[in-house]
Amino acid sequence: MPAQHPVPSYLQADNLGPWGNYLQQVDRVIPYLGHLARWAETLKRPKRALIVDVPIQLDNGTVAHFEGYRVQHNTSRGPGKGGVRFHQDVTLSEVMALSAWMSIKNAAVNVPYGGAKGGIRVDPKKLSLGELERMTRRYTSEIGIIIGPTKDIPAPDVNTNEQIMAWMMDTYSMNEGATATGVVTGKPVDLGGSLGRRDATGRGVFTVGVEAARHLGMDVSTARIAVQGFGNVGGVAARLFTETGAKVVAVQDHGGTVYRDSGLDVTALLAHVAKAGTVAGFTQADVLPNAAFWEVDCDILIPAALEQQITVDNAGRIKAKLIIEGANGPTTPAADDILQERGILVLPDVIANAGGVTVSYFEWVQDFSSFFWGEDEINARLVRIMKEAFAAVWQVSQDHKVTLRTATFIVACKRILHARELRGLYP
Ligand SMILES: NC(=O)c1ccc[n+]([C@@H]2O[C@H](COP(=O)([O-])OP(=O)(O)OC[C@H]3O[C@@H](n4cnc5c(N)ncnc54)[C@H](O)[C@@H]3O)[C@@H](O)[C@H]2O)c1
């Protein structure tokens, strides 16, 4: 057999970043794939990775260049699907890992998509609104050769929102010469967006979180909760948990950590963040040093910011009994092992935060049929899909005595590789 390189030449073999974490997660599942293991290598290479230069004129008349990516990890089960991240630390390795987790997630909740992800290496907070629009439009035009309603459908992720999706949809439509609402999801409702999409990821986190807590015999309504990341995912999840009576005692974001032993006023904190852009400066709370966040006395911990936050350095100090991964890739494999040894249940990203893509799927379906559903119907369908996916994964974890992460990978990888086998290799 000709030699195969385990790692592509465009990555640093001794520093694989998030892609390295993903590869370890895949290796853990291969023993459970039976005859489908023959196809497992396909999971370890993205199908397509596009790197684009994004030049724009800044307001001061100079020209700036940004590095942009769109990676399609796997399209065996359908078109690529996954968000676009604007962040100064975005790398190819990160976008590759995020695209792969999308493949797993979409298969885990059984929506008919492959996995993809995009990003621009930029701190968007340093751009004016006009610069942000020009950058978004140029990026969309550059990746336009591989995206489309039946090819690859972007959505919001960190630092991207409904307005950015509106610009992406418009740019793609201008280039195509026809309005194509189905090219992105997470759009404003007035432009073919779906009711319920904004809250969908947080609602999914909450829904499966409650299911997992039930299996642990934990009463959510009296639980103490710590949340890292108070944006679209963390903010909504925190709100829904407090509506049951649970107390959110600590919240950390990029600006700092706030704490209140008797429970933070989440509504007031959301209003503060809407104005100040960060939890820092919230007067109805104590300030904690960032490192102390991980030791907070709580029952449920929700990482909902960035990847690689729970590591060997803090996994031994976490007090929660349940971790619900709102963020993608917040826990390193080594930390996962420590948490498992300590009997802490980790509800992994690839199921916990799948609510967003599930309602994105509803949005895409509604756009194709130009027939829009009510919010109650959307939420009911979302909750049903999330509960069914959780139940299937829970059962597999019991049957094989594996973590929920490995169980989710077993369910998802089997679906992806079965589709791969049915389609066969081209040519
Ligand atoms: N938005 C979605 O629908 C969706 C769906 C699935 C997964 N996710 C994942 O959820 C996570 C959060 O996404 P979002 O859409 O809520 O983003 P967002 O931009 O709305 O919020 C991000 C939050 O993370 C915080 N943060 C950033 N850097 C931080 C740091 N170094 N330390 C602590 N906090 C930090 C920010 O302050 C902010 O509160 C990401 O991992 C994303 O991939 C999002």
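A nonpolar core here is a set of buried Ala, Val, Leu, Ile, Met, Phe, Trp, Tyr and Cys residues joined through C-beta atoms within 7 Å. Keep that in mind for the second stop; the model on screen is a predicted one.

**Stop 1: the two domains**

Colour residues 45–178 as domain 1 and 199–343 as domain 2, following the domain assignment of the protein. Taken over C-alpha atoms, the centres of domain 1 and domain 2 are separated by 27 Å.

**Stop 2: the core**

Select Ala-108, Ile-225 and Leu-347. In the largest nonpolar core, which has 120 residues, these three touch the most other members. Helix α2 supplies the largest share of this core, 11 residues. The core lies between domain 1 (45–178) and domain 2 (199–343), because both give residues to it.

Now centre on Ile-225. Setting aside neighbours within four places in sequence, Ile-225 is in contact with Phe-241, Ala-246, Lys-247, Val-248, Val-249, Cys-298, Ile-300 and Ile-302.

**Stop 3: Lys-81, Lys-105 and Ser-360**

Select Lys-81, Lys-105 and Ser-360, which carry the UniProt annotation "binding site" in an unreviewed entry. They are spread over 280 residues of sequence, but the largest C-alpha distance among them is 12.8 Å, and they cluster in space.

Start with Lys-81, in strand β3 (residues 80–87). Is Lys-81 buried or exposed? Within 10 Å there are 29 other C-beta atoms, so Lys-81 is buried. Beyond residues up to four places away in sequence, Lys-81 touches Met-102, Asn-106, Tyr-113, Gly-114, Gly-115, Ala-116, Ile-153, Val-357 and Ser-360. Ser-360, in that list of contacts, is also one of the annotated positions.

Move to Lys-105, in helix α2 (residues 92–108). Lys-105 counts as buried because it has 28 C-beta neighbours inside 10 Å. Leaving out residues up to four places away in sequence, Lys-105 touches Val-350, Ala-354 and Val-357. Val-357 is thus a contact of Lys-105 and also of Lys-81.

**Stop 4: around the ligand**

Show the residues around the ligand. Which of them come nearest? Of the 23 residues there, the nearest are Gly-229, Gly-231, Asp-253, Ala-327 and Gly-356. Two elements, α6 (232–243) and β7 (247–253), give two or more residues to this shell. The largest share, 3 residues, comes from α6.

Colouring the shell by residue class gives 8 nonpolar, 13 polar and 2 charged residues. Where does the shell lie with respect to domain 1 and domain 2? The shell around the ligand lies between them, because domain 1 (45–178) and domain 2 (199–343) both give residues to it.

**Stop 5: Thr-201 and Asn-232**

Finally, select Thr-201 and Asn-232, where UniProt (unreviewed entry) places the feature "binding site". The two span 32 residues in sequence, yet their C-alpha atoms are not more than 7.8 Å apart, so they gather at one spot.

Thr-201 is found in helix α5 (residues 197–216). Thr-201 is buried, because 28 other C-beta atoms lie within 10 Å. Not counting residues up to four places away in sequence, Thr-201 touches Asn-232, Val-233, Asn-353, Gly-355 and Gly-356. Gly-356, in this list of contacts, is also among the residues that come nearest to the ligand.

Asn-232 is found in helix α6. Asn-232 has 23 C-beta neighbours inside 10 Å and so counts as buried. Apart from neighbours within four places in sequence, Asn-232 is in contact with Arg-198 and Thr-201.

Note on methods:
Residues are numbered from 1 along each chain as its sequence is written. This is a predicted model: local features need pLDDT of at least 70, side-chain atom pairs count only at pLDDT 80 or more; totals for chains, interfaces and linings use all residues. Domain bounds come from an automatic or database domain assignment. UniProt positions are given in the numbering used here, feature names are shortened, and annotations may be inferred rather than shown by experiment. Helices (H or I, at least four residues) and strands (E, at least two) are DSSP runs, numbered from the N terminus. A residue is buried if 20 or more other C-beta atoms lie within 10 Å of its own, exposed if 12 or fewer, and partly exposed in between; C-beta atoms are placed from the backbone. Two residues are in contact if their C-beta atoms, placed from the backbone, lie within 7 Å. A residue is near a molecule or strand if its C-beta atom, placed from the backbone, lies within 6 Å of it. Ala, Val, Leu, Ile, Met, Phe, Trp, Tyr, Cys and Pro count as nonpolar, Asp, Glu, Lys and Arg as charged, and the others, Gly among them, as polar.
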